[in-house]
Amino acid sequence: MRSCTAPRAFDEPIYVTRPILPSLETYLEYLREIWTSRQLTNAGSLTGELEHLLGAYIEASHMSLFNNGTMALLTACQALGLSGEVITTPFTFPATPHALTWSRITPVFADIDPVTMTIDPVAVESLVTSRTTGILGVHVYGLPCAVGALQVIAEKFALRLVYDAAHALTTRINDRPIINFGDISMLSFHATKLFHTAEGGALVTRDEQLRQRIDLLRNFGIKNETTVLECGINGKMSELHAALGLCALSLIENERAARRKLATVYRERLGDFPGVTLMPMLPNVILSDQYFVIRIRESQFGMSRDALCAALKRFKVFARRYFSPLCTEYPHYKSLSSADPARLPVAYAVAQEVICLPFYGALGIDGAHRICDMIEYVFAAPLERV
Ligand code: T4K
């Protein structure tokens with residue numbers, strides 16, 4: 001495990017992720033189609049095709065494409081009539097609680113599970129009040145929330161159950177796609193995601209009527225030329241984005257296979273380091289291959305997560321501390337009683353430890369080995385090497 005010779009830094013910056021891209025010619029084929037039809041947006045044929053093919057690929061019951069994940073989440077709040085308070089996690093991207101706030105809902109933050117880093121059902125139940133209308137869980141890094149326990153709580157208190165599945169497009173639990181749990185799941189197809197449309201997202205639901213309402217809300221509530229049924233919004237995906245999605249869809253299986261090879265390297269090389277905890281492998285769960293996160297316990301590793309991040313930057317490796325700081329540390333949420341750090345001990349501890357390593361097919365196995373060499377090197381003499 002010890003390495004004394006300084007590894008060579010990468011020539012180019014290595015980021016936490018890079019988007020899969022088709023050849024320009026492939027995308028141009030689609031653009032030609034769009035140029036011919038002049039249908040740029042508003043339910044064009046490519047959006048329809050992507051909705052159909054992607055929906056089938058991820059086995060979504062009903063899927064509606066959106067222009068980004070945040071807009072999709074806002075629409076989910078509206079479609080389900082959420083109001084008052086919604087219980088959610090502080091360990092997520094800002095979009096999660098912001099979607100609630102923009103919907104005039106107060107996010108109530110619950111602590112997370114120490115292993116899955118997803119919302120803790122026991123904490124959730126303890127926070128239900130007469131104002132609570134829903135639960136918004138996040139399958140963070142593609143690790144599934146405790147879907148069974150959360151469903152029981154939702155039914156017990158007649159709450160709506162929404163999942164932010166931005167990282168969990170292909171996560172499966174007991175051979176069922178995670179996106180089909182709860183009332184609605186939100187997906188993000190941002191450029192940083194395994195499958196992307198540059199900007200994009202979706203809502204998935206098992207309820208056909210709810211899907212119809214979502215589709216209406218996504219297009220201003222317009223039913224037809226003379227009838228506007230709902231106060232909707234513009235959440236539509238354009239044909240240019242859908243075209244990119246169709247290209248990306250044909251690349252996703254190769255990308256997943258490449259990422260799994262990287263995960264194997266990280267697991268084999270970093271698993272035995274004292275103070276390093278690998279992203280958990282959970283029974284009956286297939287992960288989404290979205291992120292590869294490790295946790296650094298300073299007392300055993302000999303250096304903090306932040307010091308490791310800084311050391312890696314010197315080798316041009318730009319790993320990321322998703323999701324630190326916690327949402328409860330943002331000025332907008334800090335003063336909420338549920339944001340009190342004393343109520344969120346696990347989330348605060350986890351946020352100090354997480355580091356997302358570069359994880360994308362084009363990094364290559366050699367790239368992953370080089371990053372492991374760098375971690376080994378700084379581990380051997382942490383103080384000198386930061
Ligand atoms: N819920 C959760 C749990 C989420 O994680 C997100 C988004 C959402 C909801 C909201 O979904 P959207 O509304 O975004 O669809 C990025 C993404 O912007 C964001 O979509 C994502 N989560 C979040 C985890 O990551 P940043 O600020 O970290 O991105 P950025 O620009 O620093 O990109 C990271 C690295 O990726 C760069 O260093 C290089 C690489 N990159 C990035 C872009 C944008 C590329 O190679 N090409 C690119 O085009 O937020």
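Q: How do the residues lining the largest cavity divide into nonpolar, polar and charged?

A: The lining comprises eight nonpolar residues, four polar and one charged. Here Ala, Val, Leu, Ile, Met, Phe, Trp, Tyr, Cys and Pro count as nonpolar, Asp, Glu, Lys and Arg as charged, and the others, Gly among them, as polar. The model is a predicted one, in which local features need pLDDT of at least 70 and side-chain atom pairs pLDDT 80 or more, while totals for chains, interfaces and linings use all residues. Residues are numbered from 1 along each chain as its sequence is written, and side-chain values use heavy atoms, with hydrogens and water left out.

Q: Which residues lie nearest the centre of the largest cavity?

A: Among the 13 lining residues, Ala-166, Leu-169, Ser-188, Lys-193 and Gln-290 are nearest the centre. The volume of this largest cavity is about 70 Å³.

Q: Why is Cys-327 not assigned to a disulfide?

A: A disulfide requires a pair of cysteine sulfur atoms within 2.5 Å. The closest cysteine sulfur to that of Cys-327 belongs to Cys-145 and is 14 Å away, therefore too far for a bond. The count under this rule is zero disulfides. Cys-309 is likewise in no disulfide, with the sulfur of Cys-356 the nearest, at 9.3 Å.

Q: Why is Cys-309 called buried or exposed?

A: Buried means under 20% relative accessible area, exposed over 50%, and partly exposed in between (1.4 Å probe, protein chains only). Cys-309 has 6% relative accessibility and therefore counts as buried. Cys-327, at 0%, also counts as buried.

Q: What makes the approach of Thr-70 to the ligand a polar contact?

A: A polar contact is a pair of N or O atoms within 3.5 Å. An N or O atom in the Thr-70 side chain is 2.6 Å from a ligand oxygen atom. For Arg-320, a polar side-chain atom lies 2.8 Å from an oxygen atom of the ligand.

Definitions and conventions:
1 Å grid on protein atoms, 1.4 Å probe; cavity = no way out; pocket = protein on both sides within 12 Å on 5 of 7 lines; lining within 4 Å. Points joined across faces, edges and corners; volume = space filled by probe spheres on them. Polar contact = N/O pair within 3.5 Å; in protein donor to acceptor, adjacent residues only side chain to side chain.
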